[in-house]
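Colleague: I would like a close look at one part of this model, the charged side-chain pairs. Please set their surroundings beside them.

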Amino acid sequence: MRLLSLLFTSLALAGIAIEPPATVLCQPDKLIVATTFDQATPPTRKGPIQGWQAGIGEWRIENGVLHGDELPEDHHASSCTYRLEATHLVITAEFRLGDAEHVAFGCRDTIAPNHHLGRTFIRRDGIWIQHMSGIAKTTKAHKIAELKTPIDPQAWHRLTVEICGDRYRAQIDGHVVEATHARFQDAKGIVALISKGRGAQFRNVALWHATPKS
């Protein structure tokens with residue numbers, strides 16, 4: 001029993017998710033990646049961070065969390081990405097807004113160079129989902145579901161996103177936002193952690209392949 005306990009402790013410290021998250025739309029059935037972001041790194045503007053890739057803004061791991069800061073010269077929210085190939089997808093994470101204007105969890109498709117697909121936004125006064133298309137100057141985005149609710153910027157919050165077929169469900173703590181759009185059915189090629197402003201933090205991020213429950 002002690003050996004088993006030590007094994008599970010080691011897996012947890014390695015950032016490997018032992019149990020799939022509770023879900024509504026789809027069943028997580030294969031872990032893609034689980035990252036605790038607990039290994040300190042120097043600040044990077046473009047470089048690898050524990051299997052993820054800092055692409056825009058400045059990212060670093062400090063005191064056991066991933067920090068993402070927007071840089072004024074970029075004129076763009078900061079972004080740290082993970083490449084994958086998935087149809088139905090579950091994302092889990094913990095985040096803290098801090099002084100950031102908002103954080104977002106985004107997906108891009110597999111059409112080169114990975115066009116935007118959809119995104120969950122969280123800021124101090126609410127949560128919303130938008131579907132997206134295009135990339136760079138061709139990007140188009142439409143907000144399709146929103147919940148106005150206070151979000152404590154200094155507290156850690158738990159997020160679960162389910163994208164199953166054309167259905168999209170985002171749960172932040174006890175708050176739920178759901179949306180439906182044909183765009184969400186497209187294959188996913190990138191997941192992005194996004195921060196507008198400075199001070200956002202992320203930890204315990206996991207991505208799962210999933211199958212529809214019904």
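How many salt bridges does the structure hold?

Modeller: This is a predicted model, and the structure holds 16 salt bridges. Side chains of opposite charge can pair when their charged atoms come close. Three pairs and one network are taken in turn below.

In one of the pairs, the side chains of Asp69 and Arg198 meet with an N to O distance of 3.6 Å. This salt bridge links distant parts of the chain, 129 residues apart. Asp69 sits in strand β5 (residues 65-69), while Arg198 belongs to the loop between β15 (188-196) and β16 (200-212). Asp69 counts as buried because its relative accessible area is 7%, under the 20% limit. Arg198, in contrast, has a relative accessible area of 43% and is therefore partly exposed.

Arg60 and Glu62 form another salt bridge, at 3.5 Å from N to O. Here the arginine is the buried partner: Arg60 has a relative accessible area of 18%, and that value is under 20%, so Arg60 is still classed as buried. Glu62, at 36%, is partly exposed.

The salt bridge between Glu178 and Arg169 has its closest N and O atoms 4.0 Å apart. Arg169 is buried at 11% relative accessibility, whereas Glu178 is partly exposed at 45%.

Beyond these pairs there is a network of salt bridges that links Arg123, Asp125, Lys143, Glu146 and Lys148.

For the nonpolar surroundings, the largest nonpolar core has 42 residues. The members touching the most other members are Trp52, Phe95, Phe105, Ile122, Leu159, Leu193 and Phe202. Leu193 can serve as an example: leaving aside residues up to four places away in sequence, Leu193 touches Phe37, Trp52, Trp59, Leu66, Ser78, Ser79, Cys80, Ala104, Phe105, Phe202 and Val205. A second core of eight residues is separate, and Leu25, Cys26, Val90 and Cys164 are among its members.

Ile32, in strand β1 (residues 26-35), is a nonpolar side chain to set against those cores. Ile32 has 22% relative accessibility and so counts as partly exposed; a core residue has to be buried, which means under 20%. Outside the four nearest places in sequence, Ile32 touches Tyr82, Leu84, Ala86, Leu89, Leu207, Trp208 and His209. The C-alpha atoms of Ile32 and Ala206 are separated by 7.5 Å, although the two residues are 174 apart along the chain.

Notes
Residues numbered from 1 in each chain as written. Predicted model: local features only at pLDDT ≥ 70, side-chain atom pairs only at ≥ 80, totals over all residues. Heavy atoms only, no water. Core = buried A, V, L, I, M, F, W, Y, C linked by side-chain atoms within 4.5 Å. Buried < 20%, exposed > 50% of the residue type's maximum accessible area, 1.4 Å probe, protein only. Contact = heavy atoms within 4.5 Å. Helix = DSSP H or I, 4+ residues; strand = E, 2+ residues; numbered from the N terminus.
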